[in-house]
Amino acid sequence: MTLVCFTVPGSPLPWQRARSSGSRRYTSPEQRAYQDAVRWACIAAVPAGVRNALTPEHRWRVAVLVAVPDKRVRDCDRIVNTLGDALQTILWRDDSQIVEWHARRVIDRERPRVEVVASAVTEAPGAWTVDVMRATVTG
């Protein structure tokens with residue numbers, strides 16, 4: 001089993017629809033910069049040998065701790081959506097390979113961030129026993 005753990009510092013940015021200008025559609029610069037930060041944090045956490053060994057047959061279980069700086073309402077599933085899209089081609093080829101998501105939102109005024117624990121599994125469904133939320137919170 002491959003376990004990938006990394007942290008993206010800063011206030012989490014939820015997924016946004018592509019913007020348009022006339023007939024052209026584009027991703028906002030803020031969204032693109034945040035997804036790049038997620039990609040680079042993941043790349044730094046995964047040795048190249050492991051990254052190159054990942055195949056489309058791998059399935060993933062992912063736990064996310066979303067630490068926001070204040071009590072404003074944020075759509076946690078849109079933040080998870082951003083992570084899923086950003087890690088495409090880094091950990092998985094398509095986010096349909098993710099068989100399980102766990103997300104938890106907390107307030108941390110001192111250190112807003114997103115912590116990710118992703119586990120590549122090749123076992124049969126239901127055979128995974130790692131408590132990823134505890135690993136995220138204590139790791």
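Which pattern does the protein follow when read along the sequence?

**Figure 1. Overall fold of the predicted model.** The structure shown is a predicted model. Read along the sequence, the protein follows the pattern β-β-β-α-α-β-α-β-β-α. Its secondary structure comes to four helices and six strands. The protein has 139 residues, of which 37% count as buried. Its accessible surface comes to about 8,000 Å², and carbon and sulfur atoms account for 49% of that surface. Among contacts between residues at least 6 apart in sequence, 83% join residues at least 24 apart.

**Figure 2. The largest nonpolar core.** This view shows the largest nonpolar core, a set of 27 residues. Phe6, Trp60 and Leu91 are the members that touch the most other members. Two or more residues of this core come from each of strand 1 (2-9), helix 1, strand 4, helix 3 and strand 6. Strand 4 gives the largest share, five residues.

**Figure 3. Surroundings of Phe6.** Phe6 is one of the residues that touch the most other members of the largest nonpolar core. Neighbours within four places in sequence are left aside in this view. Beyond them, Phe6 is in contact with Val38, Ala41, Cys42, Ala45 and Leu87, and also with Val114, Glu115 and Val116. Of these partners, Cys42 counts as buried, at 0% relative accessibility. Glu115 is likewise buried, with a relative accessible area of 10%.

**Figure 4. Helix 3 and its packing partners.** Helix 3 comprises residues 76-86. Which residues of helix 3 are buried? They are Cys76, Ile79, Val80, Thr82, Leu83, Gly84 and Ala86. Cys76 has a relative accessibility of 19% and counts as buried because the cut-off for that class is under 20%. The buried residues of helix 3 pack against one helix, namely helix 1 (29-45). They also pack against strand 4 (59-68), strand 5 (98-107) and strand 6 (113-121). As for cysteine pairing, the count of disulfides comes to zero.

**Figure 5. The tryptophan cluster.** The count of aromatic pairs comes to two. In one pair, Trp60 and Trp92 meet edge-to-face, with 5.7 Å from centre to centre and 65 degrees between the planes. Why does this pair tie together parts that are 32 residues apart in sequence? Trp60 belongs to strand 4, whereas Trp92 belongs to the loop between helix 3 and strand 5, so the pair links those two parts. Trp60 is buried, at 0% relative accessibility, and Trp92 is also buried, with a relative accessible area of 2%. Trp92 forms an aromatic pair with Trp101 as well, again edge-to-face, at 6.5 Å centre to centre and with 80 degrees between the planes. Trp101 counts as partly exposed, at 32% relative accessibility. Together, Trp60, Trp92 and Trp101 form one aromatic cluster. Trp60 also has a place in the largest nonpolar core, where Trp60 is among the residues that touch the most other members.

**Figure 6. Two residues of strand 6.** This view shows Glu115 and Val117. Glu115 is found in strand 6. Is Glu115 buried or exposed? Glu115 is buried, with a relative accessible area of 10%. The side chain of Glu115 is joined to that of Arg113 by a polar contact of 2.7 Å. Glu115 is also listed among the contacts of Phe6. Val117 likewise lies in strand 6. Val117 is buried because its relative accessible area, 4%, falls under 20%. Which distance separates the C-alpha atoms of Val117 and Ala63? They are separated by 5.2 Å, although these residues are 54 residues apart along the chain.

**Figure 7. Backbone of Thr89.** Thr89 lies in the loop between helix 3 and strand 5. The loop between these two elements also holds Trp92. Most residues other than glycine have a negative phi. The phi of Thr89, in contrast, is near 75 degrees, a positive value in a residue other than glycine. Thr89 is exposed, with a relative accessible area of 66%, whereas Trp92 is buried, with a relative accessible area of 2%.

Terms used: Residues numbered from 1 in each chain as written. Predicted model: local features only at pLDDT ≥ 70, side-chain atom pairs only at ≥ 80, totals over all residues. Heavy atoms only, no water. Buried < 20%, exposed > 50% of the residue type's maximum accessible area, 1.4 Å probe, protein only. Contact = heavy atoms within 4.5 Å. Phe/Tyr/Trp six-rings, centres within 6.5 Å; stacked < 30°, edge-to-face > 60°. Core = buried A, V, L, I, M, F, W, Y, C linked by side-chain atoms within 4.5 Å. Areas by Shrake-Rupley, 256 points an atom, 1.4 Å probe, with all protein chains shown as cover. Polar contact = N/O pair within 3.5 Å; in protein donor to acceptor, adjacent residues only side chain to side chain. Disulfide = S-S within 2.5 Å.
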